[in-house]
Amino acid sequence: MRAKQQRLVEALSSVLPSTNLLWQKEDTAPYECDGLAAYRTLPLAVALPENEAQVQAVLKLCNEFGVPVVPRGAGTGLSGGAMPIQEGIVLSTAKMNQILDIDPLSRRATLQPGVRNLAISDAAAPYGLYYAPDPSSQIACSIGGNVAENSGGVHCLKYGLTVNNVIQVRAVLMDGEVVEFGTEALDAPGLDLLAVMIGSEGMLAVVTEVLVRLVPKPPVARVIMASFDDMTKAGNAVADVIAAGLIPAGLEMMDKAATRAVEEFVHAGYDLDAEAILLCESDGTEEEVTEEIERMSAVLRQSGAIRIQVSQSEAERMVFWSGRKNAFPAAGRISPDYYCMDGTIPKKAIATLLSQIKEMEDRYGLRCMNVFHAGDGNMHPLILFDGSDEDQWHRAEDFGNEILEACVALGGTVTGEHGVGIEKINTMCVQFEEKERDAFFGVKAAFDPAKLLNPDKVIPTLHRCAEYGRMHVHRGQLPHADLPRF
Amino acid sequence: MADLTNEFVAKIREAAANKSPLIIEGSGSKRWYGNAVESQQTLSTTGHTGILDYDPAELVLTARAGTTIADLEKALAERGQMLPFEPPRYAIGSTLGGVIAAGLSGPARPYAGGVRDFVLGLHMIDGKGDVLKFGGQVMKNVAGYDVSRLMVGSLGVLGLITQVSLKVLPIPPAQSTLCFELSEAAAIHQVNAWSAKPLPITGSVWSQGILSVRLAGARAAVASAEDQLGGTKLPPEMAAKLWGDLQDQTHPFFDKAQGTAGGRQLWRLSLPAIAPAIDANVPGADMQLIEWGGAQRWLWSDAAPETIRKLARSMGGHAVQFNNQHAVGDVFDALPPGLLAIHQRLKNTFDPHGAFNPGRLYQGL
């Protein structure tokens, strides 16, 4: 063990029970990456505090030692936000996993950061309530991580993201001070620091308690499965539904490649000849849903749907959704590896982006299947590649970056819900100018003046952007002359 | 329609160089909100107007900060859409920039969300005269810190908002208002119990022993909720007037001449919705109007500010002296030291020369 690591581990041992501190390689290895497994680093140690006082003690100590701290929830993040830093430690909030209170009358839950997203809804179910944001990883991801990433899900269009469903966050700053962002009311005196804290990717403070809003569970939900023989028609149908004054509870799309991959996996009865499948859900009371489903079906037919099926039971609704919800594992089944992108674009640009991606598939010699939250323009192209082939991974990375740049060019953003982390740090150079990036550094320093909390993530330095820019120009002059074409 | 960005940049650079702060102002309809500011120079945004982009199918509207809310609401209504957070307008010329900077929301706040929930992105000029762009025109965007939402309710102390993109929503096809005779405590309990059920509630107010609940949504949903709740249905024109008067605070409760008699002032208590009824011994407890299902309580009181603030804090919320003309001391609750330090560092980042609205939010900011 190196001297620095030894000193640090000794100091941490004085504030944490021995079972809550990992430092031997075989113990820290599981923490070397999050859901973005392509990027890995071993930390000096992993701290697993059980309570807020221990979080404070760990942070104070690291602050004194000048050791960077990477906070980690369940480790399901897809952008490397929880990837360790070589000279730093990982602080996992996984052991702080208690639901402290559920108040059915005020429709709120008080949670420790390690509580799993789905566990909140399970605990609220007896009261007819649930927690609305439902990222695909909800069975495993934790509320602390959801706060860090401002997680979304398939119901955002109607029910909002994490930022719209969290009332108050209690957190510890890098110097060990406990602060509360927001109050138990709907607003707080001063600047809206709660909004900045949500989606800050563990760079401002470590979350120790979260107060969330619960909403009444709609008694009925039904989903329409509509097939289209043309991607542009499907894209326009999305706009037509919204323009008709309808806000679906979920509005999801899959292209042909995705449909075929998932059908093989889940056997949901998807239309394999369709160029695009649209899932359009309505929830509410029986009367409300009947009225909405009728209006939605009429609009979809008008927009050129060639086949429309409405779920007739809860079981059938789950079957219709099963393919969409299993798109990622289905990709994993037909390809050794896949690389999931997360750009968001205005809805009117969906068909344009998809045709650009088609062209990129040929150019990079890699396949891509598309599933996305069509209602809010949040695209998840899944680039299929074989990670054992170094060249394929590099092509996949370049392919991904080009998709994200296309999203920015179409008036969108490089990340809708997965975060920047380490993965999209280069494309941040494309989306933001130097002065905005400087402002971000200023925001970071306002919360963490010593810059020890998850440093070197999210905001690229000027130097990094200059490097990325050079690569970029080079690529522009000589577009992938070295790439094999097939 | 004019783009005055360059003019603003020049004025801000000059103010920063001369260390002579500017008061940012739209129509001036909320001049009385926040702490009174001392500087003499005003930077007016009223000429910087125009809707830049609005596609109803995207549910996104982008406009310059000086555009009036009235103009936005007109453009939206023509396409069957609305601003879901129902900003108070106070005056006919009330501007988009002012609404964002004040961060005040109307009756729909607890149900549809507040201003902060509908801001997707904005352009601003910081205290160095740099034009900064945060967020965007899409519904989901987690690239970088959420500076757009930080500007909501910042009262102009971090920069001049020049352009805003908002999420908008369709106007619900049906609306209905039901009234119930209930005591303060019973009304707070009842409206919360209903809110825990899948009912299309989008507004609530309790005043003088009457609880009024607004339902809005699909026709069938409103009709079945009416059957479930009972009560007395308010005629549509009276209902429209009630919610409009609450949104703009033209409701008789807010009548200043009446309220300020005897040295009372208007307090806004922001509380957890289920906070108990305010103790009858608190001065002004009998002059109350309760909105937001109990989460916003208005009080005309002559109690010492600290009495009201302590009361709000003890219930998990905070209190604001809503009109600075009659305010004693700071209008907002003091911040704990840790949060104040973050505020000061944010001010230094965005406005290092103190060019904007000194003291409007807090002394020293």
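Tutor: Let's start with a term: a nonpolar core is a set of buried Ala, Val, Leu, Ile, Met, Phe, Trp, Tyr and Cys residues joined through C-beta atoms within 7 Å. Also keep in mind that this is a predicted model.

Student: Okay, so how many residues does the largest nonpolar core have?

Tutor: The largest nonpolar core holds 247 residues. Those with the most contacts inside it are A:Ile89, A:Met197, A:Val212, A:Leu278, A:Cys280, A:Ile383 and B:Ile100.

Student: And which helix gives the largest share of this core?

Tutor: That's α8(A), with seven residues.

Student: Let's pick A:Met197 from that list. What does A:Met197 touch?

Tutor: Leaving out residues up to four places away in sequence, A:Met197 touches A:Val169, A:Ala171, A:Phe181, A:Leu204 and A:Ala205.

Student: Back to α8(A). How do α8(A) and α13(A) pack?

Tutor: α8(A) and α13(A), which covers residues 350-364, pack at an angle of about 150°, and their axes are 8 Å apart.

Student: Why are those two called roughly antiparallel?

Tutor: Angles over 145 degrees count as roughly antiparallel, and the angle here is about 150°, so α8(A) and α13(A) fall under that heading. The crossing of α8(A) past α13(A) is right-handed.

Student: Which residues make the contact?

Tutor: From α8(A), you have A:Met231, A:Thr232, A:Gly235 and A:Val238. From α13(A), you have A:Ile350, A:Ala351 and A:Leu354. By class, that contact has five nonpolar, two polar and no charged residues.

Student: New pair! What about α1(A) and α3(A), how do their axes cross?

Tutor: Helix α1(A) spans residues 3-13 and helix α3(A) spans residues 52-65. Their axes come within 10 Å and cross at roughly 150°, which means α1(A) is roughly antiparallel to α3(A). α1(A) passes α3(A) in a right-handed crossing.

Student: Which residues are in that contact?

Tutor: A:Leu8, A:Ala11 and A:Leu12 come from α1(A), while A:Val58, A:Leu61 and A:Phe65 come from α3(A). The class split is six nonpolar, no polar and no charged.

Student: How about α9(A) and α12(A), what's their angle?

Tutor: About 90°, with the axes 9 Å apart. α9(A) is residues 256-266 and α12(A) is residues 327-334. This pair is therefore roughly perpendicular.

Student: And who does the touching there?

Tutor: A:Ala258, A:Ala261, A:Val262 and A:Phe265 of α9(A) meet A:Ala327, A:Pro329, A:Ala330, A:Ala331, A:Arg333 and A:Ile334 of α12(A). Nine of the residues in this contact are nonpolar, none polar and one charged.

Student: Switching topic: how many residues does each chain put into the contact between A and B?

Tutor: Chain A puts in 78 residues and chain B puts in 69. On the side of chain A, six helices each supply at least two residues: α6, α7, α8, α10, α15 and α16.

Student: Which one gives the most?

Tutor: α16(A) does, with nine residues. By class, the side of chain A that touches chain B has 37 nonpolar, 24 polar and 17 charged residues.

Student: Last one, over in chain B. Is B:Asn6 buried or exposed?

Tutor: Exposed, because B:Asn6 has 9 C-beta neighbours inside 10 Å and the cut-off for exposed is 12 or fewer. B:Asn6 sits in helix α1 of chain B, residues 5-18.

Student: How far is the C-alpha atom of B:Asn6 from that of B:Val131?

Tutor: Those C-alpha atoms are separated by 9.4 Å, and the two residues are 125 residues apart along the chain.

How values were computed
Residues numbered from 1 in each chain as written. Chains lettered and ligands numbered in written order. Predicted model: local features only at pLDDT ≥ 70, side-chain atom pairs only at ≥ 80, totals over all residues. Contact = placed C-beta atoms within 7 Å. Helix = DSSP H or I, 4+ residues; strand = E, 2+ residues; numbered from the N terminus. Nonpolar A, V, L, I, M, F, W, Y, C, P; charged D, E, K, R; others polar. Axes fitted to C-alpha atoms, helices over the stretch in contact; angles between N-to-C directions. Parallel < 35°, antiparallel > 145°, perpendicular 65-115°, else oblique. Left-handed = near helix turned anticlockwise from the far one by under 90°. Buried ≥ 20, exposed ≤ 12 C-beta atoms within 10 Å, placed from the backbone.
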